[in-house]
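Biologist: Please take one part of this model and examine it closely, then set beside it a second site that deserves the same scrutiny.

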Amino acid sequence: MDGGIPASAKFQHAIEFGSGDALRNVIPLPPAEAALDDSGYSLHGTGPTAITCALGSPDAVLGEVTRLSPTVVWVAPRVPQVDTSEARTFPVYLSFSGLTIGPLNGAFIRTDADVPHAPVGLQLVGVTVEQGREILAFLADALRRGVAEPAASALPVQDTIVDPERIRSIFSAICASGNKGVLRRQGRVVRMVLERFHAATGQLEWRTEESTPDWGDPAYDIDVIGYNSAYRMRAETGRGEGDRLFTTLPAQLFRIRHRWHRRVPAPEGIRARFHHPLWREQGLLRREVLDLSFSGLCVRCTPQDLMFPGLLPPLIELELGDGQMVSVRGEIRYVSGVRADGSVLCGLSVLPYSSDEARWVRFVSQTMSPATRTSEGLVDQLWDLFNRSGFFSLGGSSPEEFEELKLNFASLAKRAAEVPQLFCQAVWPSERGIEATLSFTKPYRHAWLGHQVAKRPGKPPPGVQEAGQIMRDIYLRTFEHPQSDPDFHWVIAYVEALNPWIAKAHVRYAERQMETGAGLAFTRKIQKLKAFSNELSGRDHREFEVGPATAGELSLLAATIARKFPTCYVESLDLTRDRLDMTPVTQKWKSFGMERERSILVARRHGIPYAAVVMELGQLGANLFRLLDNTRMFSLVEDGTRAYSALMDAARHWYLARRRPSFLFLREDEGGSYVQECGLHDGPDPYMWIISSKLVPDFLEHISELTIGRRGAHSR
């Protein structure tokens with residue numbers, strides 16, 4: 001089950017109603033709005049296991065049904081050509097295993113009439129509850145016979161891991177976390193957990209709660225769950241001893257990515273209430289929510305609810321307790337078979353309505369990472385953590401330099417909790433104060449910035465059994481937060497590799513991803529230099545004219561950047577031609593009453609553009625090192641660095657006009673004499689770090705391995 005798959009474009013752009021009453025008044029919806037055209041189940045039965053479709057009369061068989069739901073039928077016609085020009089509805093009959101449903105009202109939908117035996121689509125209109133029940137009964141029988149599968153289900157993505165150290169790390173993490181595993185052998189299934197990983201011998205010790213497990217003889221196929229992946233191993237040898245099974249560490253491990261978003265059990269008492277999109281007479285359904293993620297739910301329903309994949313409930317109201325309610329719209333992605341208790345499980349993709357987006361993100365974040373919370377109301381404790389951890393001393397700074405920003409920081413911390421679309425400022429609190437913090441901010445159209453990480457030095461607080469738990473929790477909370485943003489494509493950060501944890505967790509990971517050549521990661525050492533706005537270089541710039549970039553110069557700049565830097569750098573920093581001015585980002589920040597701005601100046605000599613400076617401004621307090629107040633300079637000709645000091649002085653005037661006493665210059669080249677000519681002050685040499693959002697689940701798996709693996713309590 002995968003409720004985290006984004007819904008169709010039709011679903012995502014559905015009209016947002018002003019109230020629940022307005023939504024209920026349009027239910028039942030027309031079939032075209034109640035379900036997707038590819039809703040229901042794919043069928044591959046033949047002969048007696050096939051469902052057939054007839055038009056006009058039960059005997060006028062058109063062909064075998066290849067996809068079916070109570071709203072749509074797709075048929076593989078037995079004749080080369082079908083006249084689909086008929087616009088009106090006509091009788092439709094479905095037959096399976098000697099039974100016939102009909103007449104149903106149907107009308108042709110899109111089909112490729114020029115291709116012989118092309119599939120024919122039929123939209124079913126006015127299907128009654130009883131007819132819907134009969135259709136779903138046909139499908140339930142087909143599922144039991146193994147000739148049907150949910151049309152909306154997604155295939156897992158697999159890759160093979162062969163690095164011995166990585167395999168050891170994965171099993172160490174699985175052992176420490178106590179995740180479940182399944183042994184499969186000739187139709188026999190034994191559920192178990194990895195009890196111990198004997199590091200010295202490379203032996204895995206599994207335990208089952210079954211009283212008389214039938215281990216049988218190897219080889220064994222074993223599936224086991226990691227942070228958000230299912231792993232499969234083949235054990236060619238092994239031995240069973242009572243409730244224990246001993247196998248050797250595999251030479252290769254197959255990873256099956258089964259979720260984009262991590263799911264967690266829903267808090268007790270969470271209910272989803274909604275009307276059936278097709279049959280309002282079903283009444284208001286109120287069903288238990290079993291688990292959730294930013295984009296998905298699992299709901300316990302009954303077969304009588306008549307749920308099927310592709311159904312689009314336009315309004316689902318989630319009862320969160322204490323009178324709180326969140327409204328989302330959904331798509332049924334999966335419906336299980338009937339379970340022993342008579343229920344069926346429904347997996348849904350969901351999107352919150354814009355009015356409830358902030359409340360939904362806060363609720364899911366807190367549910368997924370209950371040990372963490374947002375920082376509003378804890379600013380003094382957070383400031384104390386920055387002092388204790390040495391955060392204020394990074395790059396040769398001193399705590400006194402940050403006092404002027406404390407009020408701005410406190411103000412933004414309070415507002416950030418109400419604007420999860422732009423911020424995630426997470427902390428891990430304990431009885432002795434804040435143990436760790438990490439923040440995320442969205443400064444670009446498709447990228448989130450990870451920053452301001454700090455951890456209390458020394459031993460963890462009482463009750464924390466493993467050293468890595470705090471960092472793991474804080475990373476999960478913050479890195480998962482952007483996954484609620486549909487525009488999320490990249491994570492960027494500027495990390496100090498002198499810290500061994502940062503080097504291993506971030507830099508080495510990105511370097512490993514860069515080796516694949518997939519273009520999903522980038523890291524390189526840069527330099528953060530400080531410039532004071534009222535401290536001009538004192539140089540003569542009369543040979544250059546500096547002014548706002550023209551349209552042609554912006555195109556030249558974008559082409560130059562694209563030629564010199566990898567795609568992930570260009571895309572994540574909004575340095576493509578269509579996003580250079582960052583207008584959508586500026587407007588979004590302004591809609592929340594916050595500053596975000598970019599301006600581009602060009603230095604010209606005799607009308608020829610020599611170099612450009614890209615200047616950015618961010619809300620005070622968003623980053624204590626004023627990382628959002630940054631400049632980058634790009635040479636547009638071979639000796640364009642000659643113009644850098646003129647551009648830097650122009651940038652000083654720009655920031656001074658916006659009441660910024662200082663700003664950062666991010667040096668991303670090899671440097672040169674221009675650094676001194678510009679009057680810049682030395683700063684730290686961090687690594688710029690970029691990964692694709694596609695890598696976030698894998699990166700969090702990596703963090704889980706690093707942190708859980710440090711525990712070692714279950715390893716020998």
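**Helix 5 and an aromatic site**

Modeller: Gly-178, just after helix 5, adopts a positive phi of about 70°; helices (H or I, at least four residues) and strands (E, at least two) are DSSP runs numbered from the N terminus. The model is predicted, so local features need pLDDT of at least 70 and side-chain atom pairs count only at pLDDT 80 or more, while totals for chains, interfaces and linings use all residues. Residues are numbered from 1 along each chain as its sequence is written, and side-chain values use heavy atoms, with hydrogens and water left out.

Helix 5 covers residues 164–177, and its 14 residues should span 20 Å at 1.5 Å a residue, the expected span being 1.5 Å times one less than the number of residues. Its end C-alpha atoms are 20 Å apart, which agrees. Its buried residues (under 20% relative accessible area; exposed is over 50%, partly exposed in between; 1.4 Å probe, protein chains only) include Arg-166, Ile-167, Ile-170 and Phe-171.

The second site is aromatic. The whole structure holds 29 aromatic pairs, that is, rings of Phe, Tyr and Trp (its six-membered ring) with centres within 6.5 Å, stacked if the planes are under 30 degrees apart, edge-to-face if over 60 and tilted otherwise. Phe-402 and Phe-625 have ring centres 5.0 Å apart and planes at 75°, so this pair is edge-to-face. Phe-402 lies in the loop between helix 7 and helix 8, and Phe-625 in the loop between strand 34 and strand 35, so the pair ties together parts 223 residues apart in sequence. Phe-402 is buried at 3% relative accessibility, whereas Phe-625, at 21%, is partly exposed. Both belong to one aromatic cluster, together with Trp-383, Phe-386, Phe-391, Phe-392 and Phe-409.
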